[in-house]
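Thank you all for coming; please have the sequence and the structure open while I talk. I will go through the aromatic residues, then the strands, then the core and a few loop positions.

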Amino acid sequence: MSRYFEYRHVVGFEETNLVGNVYYVHYLRWQGRCREMFLRERVPQVLDDLRADLKLFTLRVDCEFFAEISALDEVSVRMRLVELAQTQVEFGFDYLRLAETGGETLVARGMQRVACMRGPNTRTVPTRVPEALAQALAPYVRAEAS
């Protein structure tokens with residue numbers, strides 16, 4: 001099994017700016033999309049919890065850019081678990097441009113810290129990361145740099 005969850009995306013023209021490269025906000029959207037697809041595919045029972053009163057609040061997001069990507073490039077967004085705390089999860093994201101020849105180029109690296117909360121919108125309080133989510137994330141722990 002891969003040590004990352006992968007979401008693949010083909011860049012559309014609407015995601016580029018006047019110069020022809022991808023506007024930075026789309027990288028952040030892809031992080032969210034990757035996280036959503038992970039929930040859908042690997043831990044659908046948390047979706048029911050989200051429909052009830054669980055909320056995932058994004059506390060911090062970051063993205064560092066290394067190379068440009070353009071319309072019709074295929075991108076692999078690879079999510080890993082960086083840290084699992086009692087009420088928060090930190091994800092790491094690698095963005096790779098995929099070549100038709102099978103090569104990959106790291107074009108960006110990002111992170112996202114999420115807090116689990118429960119309660120009505122005006123009185124949410126921190127809550128433990130659901131056990132099903134913690135178990136689903138376990139295979140995706142980021143390997144330590146050597």
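Where is the place of Tyr-24? Tyr-24 sits in the loop between β1, residues 5–10, and α1, and I should say at once that everything here comes from a predicted model. With a relative accessibility of 47%, Tyr-24 counts as partly exposed, and Tyr-23, at 40%, is likewise classed as partly exposed.

In total the structure holds 7 aromatic pairs. One of them is formed by Tyr-23 and Tyr-24, whose rings are 4.9 Å apart centre to centre, with 50° between the planes, a geometry that counts as tilted. For the rings of Phe-38 and Tyr-140, the centres are 5.7 Å apart and the planes stand at 85°, so this pair is edge-to-face. This second pair links distant parts of the chain, since Phe-38 belongs to helix α1, residues 25–42, while Tyr-140 lies in the segment after α3 (131–137), with the two positions 102 residues apart in numbering. Phe-38 and Tyr-140 are both buried.

Ring pairs also join Tyr-27, Trp-30, Phe-65 and Tyr-95 into a cluster. Phe-65 appears again at the surface, where, together with Tyr-23, Tyr-24 and Val-25, it makes a nonpolar patch of about 380 Å².

Let me turn to the strands. In β1, the covered face carries Phe-5, Tyr-7 and His-9, whereas Glu-6, Arg-8 and Val-10 are on the uncovered face. That arrangement can be set beside a general point: in a regular strand the side chains alternate between the two faces of the sheet. β1 runs antiparallel to strand β3, residues 74–84, and the two are joined by 6 bridges; within β3, Val-77 is the residue that stands opposite Tyr-7.

β3 also pairs with β4 in the antiparallel sense, over 10 bridges, and these two strands form a hairpin with 3 residues between them. Glu-83 has Glu-90 in β4 as its bridge partner. As for cover, β4 is mostly covered, with 9 of its 11 residues buried. On to β5, then: β4 and β5 are antiparallel as well, paired over 11 bridges, and Leu-96 stands opposite Leu-106 in β5. Their hairpin has 5 residues between the strands, and there Gly-102 takes a positive phi near 100°.

Which residues have the most contacts inside the largest nonpolar core? They are Phe-38 and Tyr-95, in a core of 33 residues. At least two residues of this core are supplied by each of β1, α1, β2 (54–65), β3, β4 (88–98), β5 (104–118) and α3, and the largest share, 6 residues, comes from α1.

Finally, two loop positions. Leu-72, in the loop between β2 and β3, has a positive phi of about 75° although it is not a glycine. The background here is that most residues other than glycine have a negative phi. Why does Leu-72 count as exposed? The relative accessible area of Leu-72 is 57%, and the cut-off for exposed is over 50%. Ala-85, in the loop between β3 and β4, is partly exposed, with a relative accessible area of 29%. The C-alpha atom of Ala-85 is separated by 36 Å from that of Gly-12, and the two residues are 73 apart along the chain.

Definitions and conventions: Residues numbered from 1 in each chain as written. Predicted model: local features only at pLDDT ≥ 70, side-chain atom pairs only at ≥ 80, totals over all residues. Heavy atoms only, no water. Phe/Tyr/Trp six-rings, centres within 6.5 Å; stacked < 30°, edge-to-face > 60°. Buried < 20%, exposed > 50% of the residue type's maximum accessible area, 1.4 Å probe, protein only. Helix = DSSP H or I, 4+ residues; strand = E, 2+ residues; numbered from the N terminus. Patch = residues over 30% accessible without salt bridge, like charges linked within 9 Å, V, L, I, M, F, W, Y side chains within 5 Å. Areas by Shrake-Rupley, 256 points an atom, 1.4 Å probe, with all protein chains shown as cover. Salt bridge = Lys/Arg side-chain N within 4 Å of Asp/Glu carboxyl O. Pairing = 2+ DSSP bridges. Core = buried A, V, L, I, M, F, W, Y, C linked by side-chain atoms within 4.5 Å.
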